[in-house]
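Please open the structure in your viewer and keep the selection panel at hand. The tour moves from one selection to the next and says what is found at each stop.

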Amino acid sequence: MRREGEEGGLGTVLVLNSLLYANTPVKDMGDGYLLITLPETKDTLVSYLVKPVDAKKFDELKEGIERVVKSIAM
């Protein structure tokens, strides 16, 4: 993955510094994008659009993010 408009390749790492909760929604927005909504503070949310570089990895990315969030939030 890489941030839109920034240099990066297949080895680029995405780091989200956020409060996590086990039911963090990871939603398919179509056109190969995932929407992840995370609490930024106790009262505010922030959303990120994520798109894998390789469209064939979409399901793997979605499942991986959901698995990581659930394991951290436990």
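Select Asp28 to begin, and then Leu34 in strand E2, which stands opposite Asp28. Asp28 can be read in the setting of strand E1 (26-30), which is joined to strand E2 (residues 33-39) by 4 bridges in an antiparallel run; strands here are DSSP runs of E with at least two residues, and helices are runs of H or I with at least four, numbered from the N terminus. This is a predicted model, in which local features need pLDDT of at least 70 and side-chain atom pairs count only at pLDDT 80 or more, while totals for chains, interfaces and linings use all residues. Residues are numbered from 1 along each chain as its sequence is written, and side-chain values use heavy atoms, with hydrogens and water left out.

Next, select Thr37 together with Ser47 in E3, which stands opposite Thr37. E2 and E3 run antiparallel with 6 bridges between them, and they form a hairpin with 5 residues in between. Showing the 3 strands together gives an open antiparallel sheet in the order E1-E2-E3, where two strands pair if DSSP finds at least two bridges between them.

Now move to helix H1 (residues 58-73) and select Lys62 and Glu66, which lie 4 residues apart, about one turn of the helix. Glu66 forms a salt bridge with Lys62, the closest N and O atoms being 3.1 Å apart; the term requires a side-chain nitrogen of Lys or Arg within 4 Å of a carboxyl oxygen of Asp or Glu.

Finally, select Lys57 and Glu60, which form a salt bridge with their closest N and O atoms 3.6 Å apart.
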